[in-house]
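Welcome! Open your viewer, get the mouse ready, and follow along step by step.

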Amino acid sequence: MEHSKPNRAGLWIAMAIAVLLMAPWGAQAAKPTFPSDPPPVTVCYCHNVNHHPVTICTADRAFQMGHQNHVNNGVDTLGECGPSTEPGCG
């Protein structure tokens, strides 16, 4: 009776696929935090002021930067939407 060797190439391929599938979660978990980092600050914006305004509050720096660009372009305003900016009002 002959003994066949296990297919190690298949095992290596399966392990490589598993590593690639887990990479996005590992990258997020590996984000370092430092004691000197300031705590996140929540900022509110009145998004889409001219067409169906909605208040958006976020502590995410990337979202804050994007909405600040909208503020600079006149699409959003800093702070929560007021009663006069909500749909059906004003």
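**A short tour of the chain**

Read from start to end, the chain runs in the order α-β-β-α-β. Turn on the cartoon view and you can find these two helices and three strands. Keep in mind that this is a predicted model.

Now colour the whole chain by burial. Of its 90 residues, 11% are buried. Switch on the surface next: the accessible area is about 7600 Å², and carbon and sulfur atoms hold 64% of it.

Next, select Ala59. You will find Ala59 in the loop that links β2 (54-58) to α2 (61-73). Is Ala59 buried, exposed or partly exposed? Its relative accessibility is 32%, so Ala59 counts as partly exposed, a class that lies between the 20% and 50% cut-offs.

Show the neighbours of Ala59. Leaving aside residues up to four places away in sequence, Ala59 touches Pro40, Val41, Thr42 and Gln64. Pick Val41 from that group: Val41 and Ala59 are 18 residues apart along the chain, yet their C-alpha atoms are separated by 5.3 Å.

Move on to the start of α2 and select Asp60 and Ala62. Here a side-chain oxygen of Asp60 comes to within 2.9 Å of the backbone nitrogen of Ala62.

Then look along α2 itself. With 13 residues at 1.5 Å a residue, α2 should span 18 Å, and because its end C-alpha atoms are 18 Å apart, the two values agree.

Finish at Gly74, just after α2, where the phi angle is positive, at about 85°.

Technical notes:
Residues are numbered from 1 along each chain as its sequence is written. This is a predicted model: local features need pLDDT of at least 70, side-chain atom pairs count only at pLDDT 80 or more; totals for chains, interfaces and linings use all residues. Side-chain values use heavy atoms; hydrogens and water are left out. Helices (H or I, at least four residues) and strands (E, at least two) are DSSP runs, numbered from the N terminus. Buried means under 20% relative accessible area, exposed over 50%, partly exposed in between (1.4 Å probe, protein chains only). Contact means heavy atoms within 4.5 Å. Accessible areas come from the Shrake-Rupley method with a 1.4 Å probe; for residues, only the protein chains shown count as cover. The expected span of a helix is 1.5 Å times one less than its number of residues. A polar contact is a pair of N or O atoms within 3.5 Å; within protein, one must be able to donate a hydrogen and the other to accept it, and residues adjacent in sequence count only if both atoms are side-chain atoms.
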